[in-house]
Amino acid sequence: MAGFSPDRYDSMNYRRCGRSGLKLPAVSLGLWQSLGDTGNEATCREVMYRAFDGGITHFDLANNYGNPGGNSELVAGRILVDMPRDELIISTKAGYGMWPGPYGDFGSKKYLVASLDQSLLRMGLDYVDIFYHHRPDPDTPLDETMGALDLIVKQGKALYAGVSNYQGELLGEAAGLMSDRGWAPLTINQPSYSMINRRIERDTLAVAEESGVGVIAFCPLSSGVLTDRYLDGLPADSRQGLRGDSGQSWYEEREKNGLWDGIRKLRGIAQERGQTMAQMALTWILRDDRVTSVLIGASRVEQIDENLAAGNATPLTSDEIDNIEAILAEID
Ligand SMILES: NC(=O)c1ccc[n+]([C@@H]2O[C@H](COP(=O)([O-])OP(=O)(O)OC[C@H]3O[C@@H](n4cnc5c(N)ncnc54)[C@H](OP(=O)(O)O)[C@@H]3O)[C@@H](O)[C@H]2O)c1
């Protein structure tokens, strides 16, 4: 077992996930991009250790994360073996295409059960804490998908059931089915949410609250847009810089429509309150207590150090929130 800081629980806030007994750290870490690719296991280990030392107890995966797909779970498994399993919340998902044929995609019981078995093998775990259906399936009856989540919980392969990318009414239906049938409660929804992607404010957050479902916001930094990363040009080692020509056109398009100028203005507010842009973007999401946690990504330990501080930051004042809204309205 690796040695971890005895102070690791001193500064992070832990927030209750919906009406469940589960608490998640205000900041959680995902292993989708940057961390699960072949060849970067040492960085992944360093980042996960640093995160855990700072109170990040929750690591999020999916069957298809990493390059090649599945690699994030393999890498995570080799790292988790040296970490205290009972102090950790590990999640995985199935719902996007994972293997050929009709049983390796979407939301059938056949796919979800088989995929979780594969994920557990890849990670070398007996169970995950949260298992998600990764995206809505327009064809499979919702009660089959939710019934599969219930089965998985009853089998002890996951402790909590979750859905991801379910919005508004559909989230309510899914949570209602679980409760009406006496199935494992739907504990958490994982939607995209950031200063520049506010779809869930329309109805999903309200439905989550009514249904007692927690919310973990993915891509809270819009994959690096809501940080300093792109404010002095396109860095070659950034997520977009690594995409070559398509990253370059992505960057120029946003320069033309004034996005970077808007982010610089937001950074001005962050600086006035003694935060970095990334920290303020996370603090802004956590202003809403219907959101349990922000699910960040990181490509290096310095980003973890910076982002961790949002886990116990001073809340935004109403004036600061109004000033941020005014800039976001201009960016829109
Ligand atoms: N359920 C779903 O459908 C779904 C979809 C997408 C993601 N997710 C989950 O959400 C997690 C996070 O997604 P994400 O990685 O896009 O999240 P993000 O936190 O919005 O972006 C993370 C990226 O931003 C950059 N960054 C982070 N902190 C920074 C800082 N302080 N300063 C400068 N740059 C910084 C890094 O990119 P560089 O590489 O440029 O350094 C980092 O990899 C995933 O790992 C996954 O678990 C779920």
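Biologist: Which residues of H1 and H10 meet each other?

Modeller: On the H1 side they are Glu 46, Val 47, Arg 50 and Ala 51, and they meet Val 301, Ile 304 and Asp 305 of H10. Two residues count as in contact if their C-beta atoms, placed from the backbone, lie within 7 Å. This is a predicted model, where local features need pLDDT of at least 70, side-chain atom pairs count only at pLDDT 80 or more, and totals for chains, interfaces and linings use all residues. Residues are numbered from 1 along each chain as its sequence is written.

Biologist: What makes H1 and H10 helices with those numbers?

Modeller: Helices are DSSP runs of H or I with at least four residues, strands are runs of E with at least two, and both are numbered from the N terminus. H1 covers residues 41–53.

Biologist: How do H1 and H10 pack, and why is that arrangement given its name?

Modeller: Their axes are 9 Å apart, at an angle of about 20°. That makes H1 roughly parallel to H10, because angles under 35 degrees count as roughly parallel. By class, their contact has 4 nonpolar, no polar and 3 charged residues.

Biologist: Why is helix H9 described as largely enclosed?

Modeller: A residue is buried if 20 or more other C-beta atoms lie within 10 Å of its own, exposed if 12 or fewer, and partly exposed in between. In H9 (residues 277–285), 9 of the 9 residues are buried, so the rest of the structure largely encloses the helix. Among them are Gln 279, Thr 283 and Trp 284.

Biologist: What do the buried residues of H9 pack against?

Modeller: Their partners are three strands, E3 (27–30), E9 (214–218) and E10 (293–296), along with helices H8 (259–272), H10 (301–308) and H11 (318–331).

Biologist: Is Trp 183 buried, exposed or partly exposed, and how do you know that?

Modeller: Trp 183 has 18 other C-beta atoms within 10 Å, so Trp 183 is partly exposed. This tryptophan lies in the loop between helix H5 (168–180) and strand E8 (186–190). Leaving out residues up to four places away in sequence, Trp 183 touches Met 146, Asp 150 and Met 178.

Biologist: Which residues come nearest the ligand?

Modeller: Of the 31 residues around the ligand, Gly 30, Trp 32, Leu 221, Gly 224 and Gly 297 come nearest. The elements giving two or more residues to this shell are E10 and H10, and H10 gives the most, with 3 residues.

Terms used. A residue is near a molecule or strand if its C-beta atom, placed from the backbone, lies within 6 Å of it. Axes are lines fitted to C-alpha atoms, for helices over the stretch in contact, and angles run from 0 to 180 degrees between N-to-C directions. Angles under 35 degrees count as roughly parallel, over 145 as roughly antiparallel, 65 to 115 as roughly perpendicular and the rest as oblique. Ala, Val, Leu, Ile, Met, Phe, Trp, Tyr, Cys and Pro count as nonpolar, Asp, Glu, Lys and Arg as charged, and the others, Gly among them, as polar.
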